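Student: Here is the structure that I would like to go through with you, beginning with the ligand site and ending with the enclosed spaces.

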Amino acid sequence: MRHTTKAPTRTTIGIIGAGPAGLLLARLLHDAGIDCVVLESRDRAYVEQRQRAGILEQTTVDVLRAAGAGGRMDREGLPHDGIELRYDRRSHRIDFPSLAGGRRVMVYAQTEMVKDLVARQLIDGPPLLFEAEVTGIEGLRAAEDTTGMKGATGTKGPAPTTIRYRHPAREPGAGSGTATLTCDHIVGCDGFHGVARDAIPAGLRRTYERTYPYSWLGILAQAPPAYDELIYAHSSRGFALASMRSPTVSRLYLQVPNGTDPADWPDARIWDELDTRLATDADPAWKLERGPIVAKSVLPMRSWVMEPMRYGRLLLAGDAAHIVPPTGAKGLNLAVADVVVLARALVQRHVTGSTELLDAYSETCLRRVWRAEHFSYTMTELLHTDPAHSAFETRLQLSQLDRIAHSRHAAAELAENYTGLPIAPPSP
Ligand code: APR
Ligand code: PHB
């Protein structure tokens with residue numbers, strides 16, 4: 001929906017951001033009969049074309065199917081039963097179903113999942129306003145105030161709060177303007193660079209961060225995948241990852257120093273380096289099949305968590321509250337897990353009036369978030385070459401990779417985390 005003079009001014013749940021978190025939350029709330037509006041600062045084409053990761057955990061797959069957004073994923077996605085680890089010119093396969101209780105993953109690009117969710121939303125979903133840039137949130141208080149209006153189903157609801165946003169011209173010749181959306185609850189699904197979390201008083205936010213002394217150079221190439229599963233390679237020249245988007249499109253990554261200019265990496269240099277880092281003695285003649293490179297970019301690596309994920313009637317979900325380095329592909333899956341927990345809590349709140357699940361939201365999510373942070377950090381540290389490390393640390397990495405190759409227990413730990421932990425783990 002573009003802006004018309006009929007842009008809604010009141011809703012039960014105001015969602016900021018139409019990435020996977022915001023779009024899926026809107027779908028889950030809509031299916032439960034709770035009305036909501038999604039405000040997205042970018043236009044539809046931009047949102048649908050952003051290149052992001054492409055591995056869906058088993059639970060993410062199940063959630064998308066249950067939300068009626070899994071049709072194309074089931075037709076075009078590639079189910080994977082394992083990954084290959086390469087190190088010291090050796091290869092070792094991690095078999096997911098046998099190590100992780102029958103679980104597997106699906107290779108399906110985040111950008112395709114976003115297209116599916118946008119399409120569903122525009123057919124029968126709640127309003128989705130593109131080019132609606134949120135500039136502020138008003139009326140927030142630390143505690144949820146229940147003296148206000150009635151909720152969607154007539155139960156007593158919280159006092160409203162307001163989102164202020166910019167919108168483009170509503171009529172030809174008119175200038176852009178600002179508008180407000182009054183909501184019972186607001187969900188910040190606005191990613192790492194979003195504004196929602198700034199509405200939480202600085203003194204109440206705690207952030208935890210780790211940056212890494214390297215980045216990834218990522219390419220998208222019109223070339224068949226290197227192999228029928230993903231390959232994660234440790235090499236003395238740095239990490240490499242061979243992933244895919246389809247049987248004819250490859251997604252490949254190379255560890256590069258921070259600050260690398262992609263222009264310093266002509267296509268032939270990238271292919272040569274990938275061949276060298278992915279080489280294995282099991283098949284010395286093996287080389288990647290090359291094809292036109294259609295996208296090339298450098299991705300920084302960062303671990304970051306903000307606590308808590310709630311302030312009164314404002315809830316945060318996905319990258320707005322936490323990010324992980326891409327090794328292990330947990331970012332999208334964490335965003336999905338957050339909104340599943342949040343949808344249950346908001347439905348309970350607006351249907352029964354109980355705040356029990358909402359009060360537990362931040363703690364429930366953060367327990368799983370920290371597990372995924374640990375896994376992403378561990379995979380990153382295990383596979384990359386840190387310029388500050390000595391030969392001692394490299395030997396430790398190789399020793400741990402060897403342990404994974406020879407211990408079912410160590411391999412199962414990797415497989416369970418990779419295929420995804422349960423969405424709401426039992427309380428300790
Ligand atoms: N007003 C409205 N929308 C905004 C604003 C704003 N002020 N600021 C940011 N947004 C939008 C962004 O344009 C983006 O479309 O919020 C959306 C956030 O989407 P994502 O960054 O995709 O975050 P999320 O939905 O949490 O998904 C997490 O995305 O970044 C990857 O690796 C990450 O795969 C993970 C997934
Ligand atoms: C990707 O396909 O983009 C991808 C796959 C696995 C990762 C990270 C990224 O660990």
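Tutor: A polar contact is a pair of N or O atoms within 3.5 Å; within protein, one must be able to donate a hydrogen and the other to accept it, and residues adjacent in sequence count only if both atoms are side-chain atoms. This is a predicted model, in which local features need pLDDT of at least 70 and side-chain atom pairs count only at pLDDT 80 or more, while totals for chains, interfaces and linings use all residues. Residues are numbered from 1 along each chain as its sequence is written, chains are lettered from A and ligands numbered from 1 in the order in which they are written, and side-chain values use heavy atoms, with hydrogens and water left out.

Student: How far from an oxygen atom of ligand 2 does a polar side-chain atom of Tyr 253 lie?

Tutor: The backbone also takes part, since a polar backbone atom of Pro 326 is 3.1 Å from an oxygen atom of ligand 2, and a backbone N or O atom of Ala 329 lies 3.3 Å from an oxygen atom of ligand 2. The protein covers 100% of the 280 Å² of accessible area (Shrake-Rupley method, 1.4 Å probe) that ligand 2 has on its own. For the polar side-chain atom of Tyr 253, the distance is 2.6 Å.

Student: Which strand supplies the largest share of the shell around ligand 2?

Tutor: Strands here are DSSP runs of E with at least two residues, and helices are runs of H or I with at least four, numbered from the N terminus. Strands E13 (230-233), E14 (240-246) and E15 (249-256) each supply at least two residues of the shell. The largest share, 3 residues, comes from E14.

Student: What volume does the largest cavity have?

Tutor: A cavity is a set of points, on a 1 Å grid over the protein atoms alone, where a 1.4 Å probe fits but cannot get out, and its lining residues have an atom within 4 Å of a point. A volume is the space filled by probe spheres set on the points, which are joined across faces, edges and corners. A search of the whole structure finds 2 cavities of 30 Å³ or more, and the largest has a volume of about 60 Å³.

Student: Which helix gives the most to the lining of the second largest cavity?

Tutor: About 40 Å³ of space lies in the second largest cavity. Its lining includes Pro 20, Val 47, Gln 110, Thr 111 and Val 114. The most, 3 residues, comes from helix H6 (residues 110-124).

Methods
On a 1 Å grid over the protein atoms alone, a cavity is a set of points where a 1.4 Å probe fits but cannot get out, and a pocket is an open set with protein on both sides within 12 Å along at least five of seven lines; lining residues have an atom within 4 Å of a point.
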